[in-house]
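Here are some short exercises to work through with the structure open beside you. Try each task before you read its solution.

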Amino acid sequence: MRVLVVSQYFWPETFRVNEIVSELTGRGHEVTVLTGRPNYPEGAVLPEFQADPARFSRYAGAQVFRVPLRPRGKGSLRLILNYWSFVFWGCVSGPWLLRGQRFDAIFMFETSPITSALPAILLKVLKRAPLSMWVLDLWPDTLEAVGMVKSRRALNAVGALCGFIYRRCDLILGQSTSFAAPIRRWAGPDAAFRYFPAWAEGVFDNLVTEPAPELAPHRDAFKIMFAGNIGDAQDFPAVLAAARALRERKDIHWLIVGDGRAAEEVRARIVEWELQDTVFMMGRHPVERMPAFFAGADALLVSLKAEPIFAMTIPGKVQSYLAAGRPILAMLDGEGARVVQESGAGFTAPAGDAPALATQAQALAALSANERAAMGHAGRDYCVAHFQRARLIDQLEGWLRDGR
């Protein structure tokens with residue numbers, strides 16, 4: 001097959017679309033990628049790309065075309081301009097860059113914003129190829145949940161745009177079964193929907209036994225580690241409230257590995273609540289190093305705000321945590337909590353319930369090392385059974401070939 005992948009985000013940015021491309025090319029398919037200039041999550045175009053753009057024109061055998069893009073920068077206005085710059089240049093430059101090329105299928109990787117699908121719709125018309133879209137972030141529900149858009153009229157307008165996009169897809173893939181109803185609310189009851197969950201990144205295929213050296217100062221503590229984006233959706237006020245409740249437990253350390261738009265607020269709250277002895281921000285590290293960080297953790301933390309939209313979501317880090325073979329401490333509702341409970345991989349607390357999170361953290365710390373190891377093994381077995389990358393790509397390959 002000749003497959004066109006459209007995604008605002010792509011290598012050297014770290015997203016699962018990278019592995020979709022490498023898996024498809026590894027199976028003999030001819031893959032072309034249309035994306036933007038890499039600037040996530042720093043907010044500025046990567047210096048190595050600016051120095052030598054040609055070096056980033058091929059990935060795992062796929063040809064990569066990049067349209068101009070305004071970097072994310074800092075602040076909401078810059079972010080909105082970043083979103084719309086990909087739409088504009090994707091629609092203007094995309095057809096020119098791909099002139100003369102024919103495709104059997106178009107695959108759209110849709111995380112925020114959903115507007116990034118508009119160039120894919122234009123290319124579907126021009127190339128007369130079926131369009132499949134993988135929905136990882138539900139709009140307008142997410143915009144309302146994080147407080148980015150409060151006006152009901154504006155949310156309905158975004159919903160109408162979502163419906164326009166969904167109805168032009170031949171197949172809509174959702175990372176959770178719960179996505180079907182809200183997608184069909186805007187797309188119509190006959191929308192072709194398939195459940196397509198995420199998987200653990202390839203770096204977790206082999207377990208690492210040597211912990212990251214950065215964890216050495218915490219070797220004698222029970223280490224609860226959060227890894228990933230530090231944003232509004234992750235409800236860090238509730239996480240820090242749980243840490244505050246356990247402030248006298250100097251033997252429990254909360255380690256935050258990552259960065260994001262809420263990171264400065266988290267740093268300020270740590271100082272305000274005098275949590276410097278038990279909560280530590282470790283900074284952002286490449287995904288390739290995450291297995292070493294996870295290997296040194298006693299529990300891996302995942303959290304989402306108490307919003308209906310987030311109850312429908314399985315955070316991508318859950319699959320990575322399961323594959324890492326470490327116990328999971330979760331503060332979330334719905335699908336994500338179900339996976340943790342069903343797998344036997346850890347303990348859960350309701351979303352936003354800081355006292356319950358503190359209680360579960362202490363309960364996990366009280367277990368023996370063998371009991372926690374059994375949780376980790378159960379999680380890894382569950383990941384193999386339900387989120388195996390090769391099997392999921394087999395499904396995707398079949399859907400792309402069939403066109404729906």
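**Exercise 1: the cover of a helix**

In this predicted model, the buried residues of helix α7 are covered by elements that include β6, α6 (152–166), β7 (171–174) and β8 (193–195). Task: find which residues of α7 (residues 180–187) are buried.

Solution. Start from the cut-off: a residue counts as buried under 20% relative accessible area. Applied along α7, this picks out A180, P182, I183 and A187. Now step just past the end of α7, where G188 has a positive phi of about 105°.

**Exercise 2: a strand and its two faces**

Task: work out which residues of β5 point one way and which the other way.

Solution. First, recall that side chains in a regular strand alternate between the two faces of the sheet. Next, sort the residues: A105, F107 and F109 point one way from β5, while I106, M108 and E110 point the other way. Finally, check burial: six of the six residues of β5 (residues 105–110) are buried, so the strand is largely enclosed by the rest of the structure.

**Exercise 3: the neighbours of β5**

Task: establish in which sense β5 pairs with β1 and how many bridges join β5 to β6.

Solution. Take β1 (residues 2–6) to begin with: four bridges pair β1 with β5 in the parallel sense, and L4 has I106 as its bridge partner in β5. Then turn to β6 (residues 131–135), which runs parallel to β5 and is joined to it by five bridges. Here E110 is opposite V135 of β6. To get from β5 to β6, the chain passes through helix α4 (residues 118–127), making a right-handed β-α-β crossover.

How values were computed. Residues numbered from 1 in each chain as written. Predicted model: local features only at pLDDT ≥ 70, side-chain atom pairs only at ≥ 80, totals over all residues. Heavy atoms only, no water. Buried < 20%, exposed > 50% of the residue type's maximum accessible area, 1.4 Å probe, protein only. Helix = DSSP H or I, 4+ residues; strand = E, 2+ residues; numbered from the N terminus. Pairing = 2+ DSSP bridges. Right-handed = clockwise from strand over helix to strand, strands pointing away. Contact = heavy atoms within 4.5 Å.
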